[in-house]
Amino acid sequence: MTSVAPQGLPAVFQQSTIDYLAILPLLIVFGVAIVGVLVEAFVPRDRRHMVQAGLAVVGLLAAFVAVIVAAKHQGLTMGITDGASDRRLFALAIDGPALFMQGTILLLGVLGVLTMAERLGGVGPDAFTPSGASTPGSPFETNASRAGALTSEVFPLTMFAIFGMILFPTTNDLIGMFVALEVLSLPLYILSGLARRRRLLSQEASLKYFLLGAFSSAFFLFGSALLYGYSGSFVLGDISKAISTGPIEMNGLLVPGAFLVFVGLLFKVAAVPFHAWTPDVYQGAPTPVTGFMAACTKAAAFGAILRLAYVGLDTGRWEWTNALVVIALLTMVVGSVLSVTQTDMKRLLAYSSIAHAGFVLVGVLAFDSKGVGAVLFYVATYGFAIIAAFAIISLVRQNGGEATHLSQWAGLGKRYPLVAGAFAFLMLAFAGIPATSGFMAKFAVFSAAVGTGGATGTVLVVVGVLCSAITVFVYARVIVLMYFGDPPGDTGDAANAVEVVVPSVTTTFSIAIGTVITLALGVVPSALLDLADRASQFVR
Amino acid sequence: MNEPYVPVLFMLGLGFVFAAGSVGTSLVVGPKRYNRAKLEAYECGIQPSPQASGGGRVPIKYYLTAMLFIIFDVESIFLYPFAVAFNQLGLFALIEMVLFVLTVFVAYAYVWRRGGLDWA
């Protein structure tokens with residue numbers, strides 16, 4: 001059969017090579033998400049919650065095992081080597097940083113799913129509403145549940161988000177990066193709006209997150225188009241090559257393109273000045289979702305930022321480094337200073353997460369493999385601590401609803417020493433006190449920046465240490481409040497007292513694991529630090 | 001004649017002529033009987049502007065259907081390039097395409113089972 005190629009198409013198609021074992025984690029998570037949708041459609045209602053939660057956890061653990069398998073199949077995959085122009089057009093890069101981020105996100109995802117599955121004795125997940133228009137416990141809500149409105153959709157949504165997150169640090173071209181960005185964002189927009197209590201705040205948060213997220217995605221797209229105009233390729237390695245072989249006619253497109261693409265990514269990690277959504281969304285979203293988002297989105301987005309900065313735009317570094325240095329400085333300072341003034345626990349941790357994003361950016365700006373290892377380590381340690389912290393926040397309640405105002409936490413340490421102790425320990429980790437993982441993470445990031453960052457690195461580290469000192473005050477205030485403050489309205493009114501509800505085994509497990517890992521990585525960090533160091537080489 | 005964009009320019013001009021011609025002809029030839037419904041903005045499915053009597057709400061069913069339509073709309077867009085290059089792409093692309101269509105049908109099964117297709 002003679003086949004005539006239509007105009008504009010190559011006569012012979014070169015089939016892309018795909019190493020299925022290398023992309024096995026992605027396939028497993030996506031497959032489980034699809035099966036989750038089918039479960040939602042066909043499994044009887046009363047069994048759906050258990051099936052969905054079990055499926056999600058088993059799927060994530062299987063994907064984690066697959067990451068270990070994929071570690072033996074590192075390299076570029078899903079693409080072709082163009083013989084004529086000697087270009088390597090591959091969509092995915094399975095390398096150390098990608099695999100480390102994938103493993104981190106999958107384990108954090110397990111803890112996140114376990115926290116979301118908390119029912120507190122109810123029929124569905126306690127944090128999520130079956131009907132956004134009705135108040136919790138009202139007959140309307142009961143009617144909606146009876147009519148089939150359930151909340152077990154959160155599990156497939158979370159799995160789709162995790163699929164986007166483990167794809168994000170793996171993508172080797174701008175198109176793939178954009179797709180991953182959207183796949184991880186869209187489920188998060190929905191999840192943020194599903195809170196059962198303070199629904200309006202949650203729905204507002206969801207809308208804000210969606211609008212600003214769509215805006216930043218547009219920035220990313222525009223930047224990708226400009227970089228394509230500059231280099232003639234979406235593949236990161238090609239862009240890097242074009243920059244080093246330049247100057248070419250389209251020279252003016254490089255700098256705006258690079259900036260716009262960075263804006264899209266820095267929005268996701270909540271770097272100043274692209275942080276405005278963070279406090280509102282962290283406060284409004286259901287608390288388990290906030291924890292999941294804070295831990296996993298950050299890991300995924302920093303994975304993508306690392307790849308863009310070290311593989312795609314590395315040869316044009318002098319063009320954008322200074323801007324990124326300013327952003328890192330602003331992020332650290334604004335995050336730390338504004339966290340001092342917060343009176344809501346979730347907003348406080350939101351500003352703290354902004355400050356942490358600044359500290360991680362210091363590691364990104366070290367521009368060597370030591371910096372990459374430090375960033376990987378930092379993101380992992382922060383993820384475990386923040387997921388446990390938000391899980392604890394979801395347990396402190398007054399009249400059934402979460403008590404997130406700082407004044408409501410006063411005196412908590414006297415009545416609930418174990419929970420308050422765990423929370424205080426996590427606070428110390430955020431502050432970067434020795435014997436916690438936070439200290440090792442900050443130490444790794446700052447020493448990498450001093451080692452290779454030159455004068456700018458030193459400035460960044462000095463500001464970083466000062467900002468850490470500011471945040472120590474914030475976290476210390478919470479601890480003092482819990483242990484030395486008087487409980488609010490201490491009039492013996494038991495019904496209105498702030499209490500810590502007793503969670504099921506799933507939430508207990510994720511709090512315990514998060515806290516224990518935070519302690520363990522503070523005392524014996526060398527195993528994970530070594531792993532992060534060995535995983536710090538990008539394939540190109 | 002070796003300028004490749006000349007046909008595109010002709011096509012563009014033809015489009016303009018056709019659009020202007022249709023509107024102009026209907027202006028000249030068409031009957032002019034005005035009533036209230038005719039003067040409202042054209043919008044299918046829902047009232048063009050929310051009525052105060054209903055609390056300013058619009059029925060959500062319309063959006064469900066529209067969303068479902070868009071999903072299949074987008075699916076068919078992806079089918080076109082596949083169909084054009086089907087001969088060269090071979091079995092691999094066929095399997096990929098079947099997987100893609102199956103994935104979309106999972107969403108369809110979900111909508112069907114959860115009552116997204118019931119208009120009442």
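This dialogue goes through the fold of chain A, its contact with chain B, and the domains of chain B.

Reader: What kind of model is this, and how are its parts numbered?

Author: This is a predicted model, in which local features need pLDDT of at least 70 and side-chain atom pairs count only at pLDDT 80 or more, while totals for chains, interfaces and linings use all residues. Residues are numbered from 1 along each chain as its sequence is written, and chains are lettered from A and ligands numbered from 1 in the order in which they are written.

Reader: How many helices and strands are there in chain A?

Author: Helices (H or I, at least four residues) and strands (E, at least two) are DSSP runs, numbered from the N terminus; chain A has 20 helices and five strands. Its radius of gyration, taken over C-alpha atoms, is 23 Å, close to the 24 Å that the globule rule (2.2 Å times the number of residues to the power 0.38) gives for 540 residues, so chain A is as compact as a globular protein of that length.

Reader: Which residues of chain B touch chain A?

Author: Two residues are in contact if their C-beta atoms, placed from the backbone, lie within 7 Å; by that criterion 14 residues of chain B are in contact with 13 residues of chain A. Helix α4 (residues 86-113) of chain B gives the largest share of its side, 10 residues.

Reader: Into which domains is chain B divided?

Author: Domain bounds come from an automatic or database domain assignment, which divides chain B into domain 1 (1-32) and domain 2 (58-113), with their C-alpha centres 33 Å apart.
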